[in-house]
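Colleague: I am new to this structure and should like to understand the terms used to describe it. May I ask how each one is justified?

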Amino acid sequence: MSSETLLYIILAGIVALSLALFQYINKRKSMSKLNMLFAFLRFISIFSILILLINPKFNQTTFTTEKPNLVIAVDNSNSIKHLNQSEKVKTLVETISRNSELKDKFNLSFYTFGETFKASDSLTFTEKQSNINEAFTQLSQIYKTSNAPTVLISDGNQTLGNDYEFASNTYKQPVYSIILGDTITYVDLKIQQLNVNKYAYLKNKFPVEAIVVYSGNSNLTSKFVVKQGNATVFSQNVSFSKNNNSTLLNFNLPASQVGVSAYKAYLVPIENEKNKVNNYKNFAVEVIDQKTNIAVVSTFSHPDLGSLKKSIESNERSTVSFFEPNEFISKINDFQLVILYQPNNKFKELIAKLNTENKNRFIIEGSNTDLDFLNKNNTTYDHEITDQTENYQAQLNLNYTPFLVDDINFEAFPPLKSNYGSVVFSVPFETVLYKNVNGISTQEPLFVTLEAGGRREAILFGENIWKWRSQSFLNSKSFNQFDDFLGKIIQYLASNKKRNRLNVDYESFYNGSGNIVIKAEFFDKNFVFDTRESLQIKIIDKLSKEEKTFPFILKNNNYQVDLSSLPPSEYSFTVRTSKENLSKSGSFQILEYNVEQQFLNANSKKLQQLAVSSNGESYFIDNHEAVITDLLNDDRYQSIQKSHNTSRPLIDWKYLLAVIALALSAEWFLRKYKGLI
């Protein structure tokens with residue numbers, strides 16, 4: 001409190017006392033006890049009010065002790081159980097959590113990682129993938145500004161994500177690696193990688209590439225075999241030595257039957273081979289008898305064109321060709337879909353032909369689109385002409401019904417350049433994306449689909465969609481999300497199938513190491529997405545005839561069910577609604593493959609390198625007591641005492657208001673009681 005404030009308080013006391021004495025003492029010949037009480041109550045009232053007006057501030061200093069954090073990140077993937085380390089890990093985690101000295105020195109935080117990273121000390125060792133780098137990425141955000149040495153308990157075998165060996169470049173905390181499993185090198189044959197396309201075309205041959213590796217010092221010969229059912233479709237002898245320890249095999253297999261064809265590739269094991277699981281790999285190919293041909297028609301070059309081609313052709317079932325408008329007219333019947341990119345007067349004959357043939361189309365507008373021409377030559381909508389453009393971001397319509405659209409974070413995508421002005425439709429339409437300006441939805445369509453006269457049509461009112469594909473890669477480190485979104489649009493436009501109230505989205509086959517999620521949509525009779533329905537899926541194992549029923553859960557704008565717990569087999573399913581008794585059936589296959597069981601040893605080299613580069617240490621699980629000792633004796637991890645100064649104004653002290661009210665009330669009641677009022 002400053003001396004100036006203190007002076008004001010003294011003056012306030014003098015003024016309050018003077019006013020109280022003047023009112024109750026000066027006018028009386030005698031100073032009675034009652035008058036003295038009245039004067040005291042009035043002094044308290046006036047003085048308190050003046051103090052509130054002065055509003056002095058009081059400084060307060062508090063001291064807190066902040067302990068460093070100790071992060072324990074535990075590998076919860078299936079490889080820990082496969083290497084027979086699960087009990088040792090549980091014992092170690094329990095030892096750390098119960099150590100009183102560690103708890104006195106650190107704030108202990110337990111995390112597990114596998115496919116996902118989460119705060120937990122519950123260990124199951126059932127996760128089918130391990131992403132160690134993702135764990136460090138998440139921890140770097142949580143402990144960005146604090147001291148948090150990290151104990152990493154893992155075998156070091158990563159199956160998902162970026163390489164973690166140099167995670168210390170971004171994660172600025174010492175890492176203490178506890179290595180699980182032994183480092184003895186065993187003689188082993190392994191199918192390191194098997195590359196094959198997801199789709200093949202009937203009566204063609206599809207390529208297969210296999211990388212097989214050998215760990216050992218002696219020379220040996222084995223056989224690589226591929227079987228379909230009980231029939232051998234390919235075999236080849238492979239030889240290895242200490243120096244020649246890998247072989248690349250390239251071969252072709254025939255696609256002779258429509259549907260999913262499952263194969264089993266294996267290396268014939270050698271005698272006394274410890275891990276035979278990694279000698280086998282299952283794979284499958286879906287054979288289709290038709291390819292979707294898509295034409296992109298434009299009169300000029302634009303980055304959108306290349307992006308459309310790459311995105312559409314990421315699905316092996318689709319091909320894209322580019323044409324000028326006049327060049328395409330004679331080939332119109334060779335394509336299932338045409339994309340008209342920023343049409344102008346040169347498209348007149350082509351659009352007339354499309355209207356005559358009643359062909360599906362995808363129109364993309366932009367700053368070079370001739371809106372006057374487009375308004376005159378289409379019968380579905382009319383675009384207001386203002387000769388102005390605006391940049392619009394996208395907002396997903398969660399009530400879009402024709403097909404399932406996942407939210408791939410559209411609102412975070414760069415804006416598209418669109419012609420300013422409203423659009424009036426002459427036929428019913430469905431909005432996929434709304435225009436959004438500075439976070440405010442305009443409820444004007446940015447992307448729509450419609451069905452009229454037996455044909456389907458989509459209109460995107462904006463150019464620079466190539467930026468969306470790039471941003472999708474930056475967000476998810478993959479083009480898959482955007483490509484899947486565009487692929488669903490192409491699939492919808494290339495087909496004239498009747499809309500169904502119940503739609504199920506699933507794959508023909510799944511790898512056993514991935515998540516198996518089936519999605520469904522249910523619409524009411526007006527084709528509005530209905531969130532009130534209850535959906536169930538009945539699964540039948542075709543081999544064991546075992547039946548299971550799972551409920552769907554509502555998530556965003558679709559229903560989902562996670563079937564990752566199902567073992568590898570062939571399954572048929574029926575999705576059924578509970579109220580309206582609608583159903584949809586199908587089948588899929590889960591391939592047997594557990595990537596976490598492909599390892600024989602711990603990857604000690606990477607774990608040791610990570611510890612060294614982060615100024616930490618590495619230990620083997622059997623020597624885990626050493627890490628506790630080192631952490632307790634390391635002077636880098638000390639508690640910090642912090643002082644916190646607060647300045648609190650008197651007006652925040654609510655009791656002073658109570659004092660004022662009490663003093664005034666007491667004075668009034670006493671004067672009333674004595675008949676002075």
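Colleague: Which residues of helix 4 are buried?

Modeller: In helix 4, the buried residues are S86, V89, L92, V93 and I96. They span an arc of only 125° around the axis, which puts them on the same side of helix 4. The arc is taken from the directions that run from the helix axis to the C-beta atoms. "Buried" means under 20% relative accessible area, "exposed" over 50%, and "partly exposed" in between, with a 1.4 Å probe and protein chains only. This is a predicted model, in which local features need pLDDT of at least 70 and side-chain atom pairs count only at pLDDT 80 or more, while totals for chains, interfaces and linings use all residues. Residues are numbered from 1 along each chain as its sequence is written, and side-chain values use heavy atoms, with hydrogens and water left out.

Colleague: What lies on the other side of helix 4, and what do its buried residues pack against?

Modeller: On the other side of helix 4, E87 and R98 are exposed. The buried residues pack against several elements, including strand 2 (69-75), helix 3 (78-82), helix 5 (100-105) and strand 3 (107-113). Contact here means heavy atoms within 4.5 Å. Helices (H or I, at least four residues) and strands (E, at least two) are DSSP runs, numbered from the N terminus.

Colleague: How do you know that the span of helix 1 agrees with what is expected?

Modeller: The expected span is 1.5 Å times one less than the number of residues. For the 22 residues of helix 1 (residues 3-24) this gives 32 Å, and the end C-alpha atoms are 32 Å apart, so the two agree. Helix 4 (residues 86-98) has 13 residues and reaches 19 Å from its first C-alpha to its last, close to the 18 Å expected.

Colleague: What makes the buried residues of helix 1 line one face?

Modeller: The residues concerned are T5, I9, A12, G13, A16, A20 and Y24. Seen down the axis of helix 1, they fall within an arc of 100°, so they line one face of the helix. An α-helix has 3.6 residues a turn, so residues three or four places apart point the same way. The buried residues of helix 1 pack against helix 2 (33-54) and helix 15 (655-673), whereas the face turned away from them carries the exposed residues S3, E4 and F22.

Colleague: Which residues of helix 11 are buried, and what covers them?

Modeller: W468, R469 and S472 are the buried residues of helix 11. They cover an arc of only 100° around the axis, which puts them on the same side of helix 11. Their cover includes helix 7 (303-312), strand 20 (389-396) and helix 12.

Colleague: Why is K477 called exposed and N464 buried?

Modeller: K477 has a relative accessible area of 64%, and is therefore exposed. N464, at 14% relative accessibility, counts as buried. N464 lies in the loop between strand 25 and helix 11 (466-476), and K477 in the loop between helix 11 and helix 12 (480-493).

Colleague: What is the phi of each of these residues?

Modeller: Most residues other than glycine have a negative phi. N464 has a positive phi of about 80° although it is not a glycine; K477 likewise has a positive phi, of about 60°.

Colleague: Why is A231 called partly exposed, and G366 buried?

Modeller: A231, in strand 11 (residues 231-240), has 42% relative accessibility and so counts as partly exposed. G366 has 1% relative accessibility and therefore counts as buried. G366 is found in the loop between strand 18 and helix 10 (371-376), and touches Q342, K417, N419 and E463, not counting residues up to four places away in sequence.

Colleague: What makes a space in the structure a cavity, and how many are found?

Modeller: On a 1 Å grid over the protein atoms alone, a cavity is a set of points where a 1.4 Å probe fits but cannot get out; lining residues have an atom within 4 Å of a point. A search of the whole structure finds three cavities of 30 Å³ or more. About 50 Å³ of space lies in the largest cavity, a volume being the space filled by probe spheres set on the points, which are joined across faces, edges and corners. Its lining includes L340, I351, R361 and E457.

Technical notes. 1 Å grid on protein atoms, 1.4 Å probe; cavity = no way out; pocket = protein on both sides within 12 Å on 5 of 7 lines; lining within 4 Å.
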